[in-house]
Every structure is written in C-alpha cells, then in structure tokens.
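Could you walk me through this structure, as someone who has never looked at it before? I'd like to get a feel for the inside, the charged pairs and the surface.

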Amino acid sequence: MKSKITSSDIFDINKKSGALILGKNRLDDYATKFLTKYCKQALVDPMPLPVEEILQDMGLTVQEVSLSSNLDVFGCCLLLDAHIDVYDHETRQYTSTAFNAGTVLIDPLSEAVYGEGSKRNTLIHEALHWEKDKRYFEILEIKNKNASEKLYPILCRQSETFYTPPEGKNTKENEVRWLEWQAHRLAPRVLMPKNSFKKKALEFIQQYKEAGENVILSCDTLIEDLSIFFKTSRLSVKYRLIEVGLKDTILRFSDYEDVYEEINSNKDFVKLTPVEALKIIDTDSVLKGWISDGRFVYADGYFVLADIQYVKQKDGVLHLTAKAKKNLAKCVINIREQKFTTYENADKDFLGYAVLRKVEGIDNRLLTFHPKYQSSLMCEPEEAYQAFYKQLASYDEQEEIELMKMIGDPTKSLCECLWFLMENRKWNYPKQFYEETGLHINYHGKIKKNNYNNMTTNVLMAICVGMRLSSRITQKLFDKSNNKLDYYSDPDKTYIRIMDTMPGLSLDDFNGVLGQFGIPELGSEIKI
C-alpha cells in the first residue's frame, strides 16, 4: 500500500503565481535538478562547487554592499530592476540605490565575520532565487502594474535561516517567505549534493579506519575534513551528515555528543542576569549592533523588542507583557545555553557567535548568540522601535515635562529638581531614600532643605539610579549640577551604558554590574 502523499512530497509550480512549491522531502530532488543544469559533474564526483563559475554561467554579476546595520542581511539577488536600501556604516544611514536585474549583492563583512563557507552559501542562495523565483516576480510585476506598491527584492536574512512560515496562510508575504525558506534549505544541498557528499564522508571514514587498529573515530575530524573539502561551514556539514542518513554511523564516534551538543541538547531563550547581559554584548559586535540601535530593551532577563505589545513599564522598571511571555520566539533575542566540552576545532564551531562561559558546579556551560537562531525579529522599520524606545525611557510624560521646565529655569536649583522627583516617588522619609539609593539618610534632609547643590558625581548618580531614571533624564540633571559626565571614560561611560542597555535596574542590580567591571559601587560607600 502506497503511503499517503503529503505537502512534504510536493514538487510543483503554482499555476497562478508561478511560485515554486517544494516540500521538505523533495529538496534534494530540486538540488539535483539545479546541478544537472549548471554543474552535473558535482553529482557524480565529490568536489568543492565552482560557485563563481556557476554565477557567471547564469549571467549574474556580484557587487559588495552593506545591506543592514547589524549584519543580519547577508545578500540579495535582483530578479527585476529595483531600488535597494544600502547602508553606510560611517553615516549610519540607508540610501535607496538602483540596481539592474541579475545583480547579486553581498555584504563584504559576511566572509570576514562568518567565514568563506558562509559567503559561498549566500552566493548559491541568491543564484537559487534567480533560477527558481524570477518567473514569480515577473508575473507579480505584471499583476502590480497599475498598483503603487513596489516589489522589494527578497533579502537573505540570517535571522530567518531556520524560520518555517505557517502553512495554509495564502498571502503574498507568506508565499515569498516560503520561497526564502526554500533557498535557505537548498543552498547547503547544492553545495554538498546528497550522493557525492555521502560518498566523500564514507571515504574519509574508511581512511581513518585504515590509519591503524587503535584509531579513535572522531566527528570533529570528519566535520573539519568535509568542511575544508567542500568549502562550507562546519554547521552546514553537521546537518548534512544527518540529512544524508549517516547519523547511525557517526553516533558511535567517541565525540558525537560533545560535537553535536549545539544541535541536540541546547536550551533556548535563557534568562540573563544584568551582568551576563552586559558581558555577552561585549563579546560580539553583531549582537552589540542589534542592541544598540534601539530595537531591543532589557526586561525580566531578556532582550525584547521595544514594542508596547511586549514591554510594559511600572515605576520605571520594564517587564514582559503576558503576550511576550507566551511568544518569546516572536519578540525576544534567543540566547542559548549548552554544556561544553572542548575539542580540537571547537573554536571554529563558534565562529561568528557571541559566547559567554558560565560555570555551574562541575558543568562548563556556554551562553551563545547567533543570528541564525533568531526568528524573524529584524524586518520592521528601525524608526518604529527607536521612537518607542524613547517613549519607554520616560515612564511619566507629565513628570518629565514639569522636570524639563524646572531644569531650564535658572531660578530653580538642582535640589529643588531632585525633591520634585522624590516627592513624586513618595520618598518623604529618610529611610526610604536610603533603601533606594544606599546613601546616608542625612542627604535626604539636605536635599529637602535645598542645601546640597554641590553634591558629587557619585551621589547624584546614585540618586538617579535609585529613581530608575533614563540616561537622557540623568544627563539633563547632570547638566543642571556642577558635574559633567565623561561619556568616553569610566566610570561615567559604564554608568550611561548600563542605563541605555538596561533601563530601570535597581541600585543592587546596577551595582552588581559595576562590580563585575571593577567599578566601585554607588551609594554604599558614600557617607555624610
């Protein structure tokens, strides 16, 4: 009896739209079709695919441009003449730029950050779009001829590498996302064709066995040799070994569990302490870019999209909404945790990752970030998040308006501004002032009596942190005082950075971060 055909077995063309319909069980079939046309020899003999030659044969030209501020967008293929937003890292601005159909754009930093394998994967990814999706966009252009909507090309986003669109959602946007899903899944299969890849893997394994009776078979060695031979990333090789049916073979290798820990036993969406959050940002420029552009704020241990759907603010402290807690994959940067045992090429497996080592008892664990393991977080306009981030930074608009008037009034003192804020927080008694700021209770009376306008930087900063003020309001108060913040030197640089990255931290948490960076705590050591 034949098994029932499912959507995973379909290999067809949508007659109305021209879109390729391809199930996960037919991916290797399409890869074979593509290679039969452009490099048939790769289906017979294991070889590093001549990527540049294939693109030339297809009539494609390659140009290097930056397509995103955070290296999320690796590449793009112009299926029609169109304008693309090109990013300038010096001006931090996007410029709409015209390109001709048949142009492949690739970020020049992709290879430097993620390796040659990543660049080759992106080029084939874009070549696949040209081969399978050009007709779809030509038909779409005809349908949209009288519409004002522009057809924006498909962008190859790292954050969509493992994203699977919903089935049964019949919209143009979802259909395009399925075309992108296909390209992400097909590129490694074209670079490492099923039969020739399996043939080469078995050849390597046989060579290892022939090296001696006491040889220890190693996944790490096999993955490294295959990665070098096919000029692909080690992660792609890891998945490919499973996809071609060699899991049972490598499962018996001594280091299988260690090498495949990243795929098999990781824990997603791990909560970070404030210290861990700031430290992991420091390990990677890409992650730092994701955070610093204002799209994400720190709340309840996560970096979450700065959107009122996902973040709420109470008394200056940010929290996840109920919707966010139920949909972490849609709104939270995925920081993963895994056990870690070192092996020879472990560092290569974490090329392009943000990595923070974390020791728990006898376990050596890693906290990691990589754009590939994010859902589609980066598609919305940056301006929307930047505007909302500014809104979050001021949890009481009326208070801020009144405070700004007082700060700008030369007849009002620093103490009067602070007392206005303290009264709003009902800090009417010295004990509460001490609990929130760590400062001696006598400071409370001096501020109330307008008798401490010459306070030091540390005292004023402790008060600002205790009030959960944003860095923007803090800077305004410092301008009102006799103190000036030095944005380029510690401790001021770290004070502002913590406020910008994790607004609303309590004094205890704020001091915890300072301690990890070797900076004296605020409040506790300041005496009258």
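Here is a walk from the inside of the model to its surface.

One thing to keep in mind from the start is that this is a predicted model. Let's begin with the greasy interior. The largest nonpolar core has 81 residues. If you want some landmarks in there, look for F303, V304, I333, M455, I463, L477 and L522, which have the most contacts inside this core. The element that gives the most to it is helix 19, residues 414–424, with 8 residues. There is also a second core, separate from that one, with 68 residues. F34, L80, L128 and F204 are among its members.

Now for the charges. Side chains of opposite charge can pair when their charged atoms come close. In this model the count of such salt bridges comes to 25, and a few of them are worth a visit.

Start with D72 and R157, whose side chains meet with 3.2 Å from N to O. This pair links distant parts of the chain, 85 residues apart. D72 sits in the loop between strand 3 (61–64) and strand 4 (73–77), while R157 belongs to strand 8, residues 155–157. Are these two partners buried or exposed? With the cut-off for buried at under 20% relative accessible area, D72 counts as buried because its value is 0%. R157 is buried too, at 13%.

Next comes the salt bridge between R189 and E243, at 3.6 Å from N to O. Here helix 5 (residues 172–191) supplies R189 and helix 8 (residues 234–243) supplies E243, and the two residues are 54 apart along the chain. R189 is buried, with a relative accessible area of 10%, whereas E243 is partly exposed at 33%.

A third pair is E400 with R472, at 2.6 Å from N to O. Since E400 lies in helix 18 (residues 397–408) and R472 in helix 23 (residues 471–480), this salt bridge ties together parts that are 72 residues apart in sequence. E400 is buried, with 15% relative accessible area, and R472 is partly exposed, with 33%.

Let's go back to helix 8 for a moment. Why can we call this helix largely enclosed by the rest of the structure? It's because 7 of its 10 residues are buried. The buried ones are R234, L235, S236, V237, K238, R240 and L241. Two of those names, R234 and K238, turn up again in a network of salt bridges that also links D220, E224, E262, K348 and D349. After helix 8 comes G245, which has a positive phi, near 90°.

Finally, step outside and look at the charged patches on the surface. One of them is negative and is formed by E52, E53, D57 and E116. Helix 2, residues 51–57, gives the most to this patch, with 3 residues, and E53 is found in that helix. Another patch carries positive charge, where K271, K312, K314 and K325 gather. To find K271, go to the loop between helix 11 (261–264) and helix 12 (274–282). K271 counts as exposed because its relative accessibility is 52%, and the cut-off for exposed is over 50%.

Note on methods: Residues numbered from 1 in each chain as written. Predicted model: local features only at pLDDT ≥ 70, side-chain atom pairs only at ≥ 80, totals over all residues. Heavy atoms only, no water. Core = buried A, V, L, I, M, F, W, Y, C linked by side-chain atoms within 4.5 Å. Buried < 20%, exposed > 50% of the residue type's maximum accessible area, 1.4 Å probe, protein only. Helix = DSSP H or I, 4+ residues; strand = E, 2+ residues; numbered from the N terminus. Patch = residues over 30% accessible without salt bridge, like charges linked within 9 Å, V, L, I, M, F, W, Y side chains within 5 Å. Areas by Shrake-Rupley, 256 points an atom, 1.4 Å probe, with all protein chains shown as cover. Salt bridge = Lys/Arg side-chain N within 4 Å of Asp/Glu carboxyl O. Lys, Arg positive; Asp, Glu negative; His and termini not counted. Charge placed at Lys NZ, Arg CZ, Asp CG, Glu CD.
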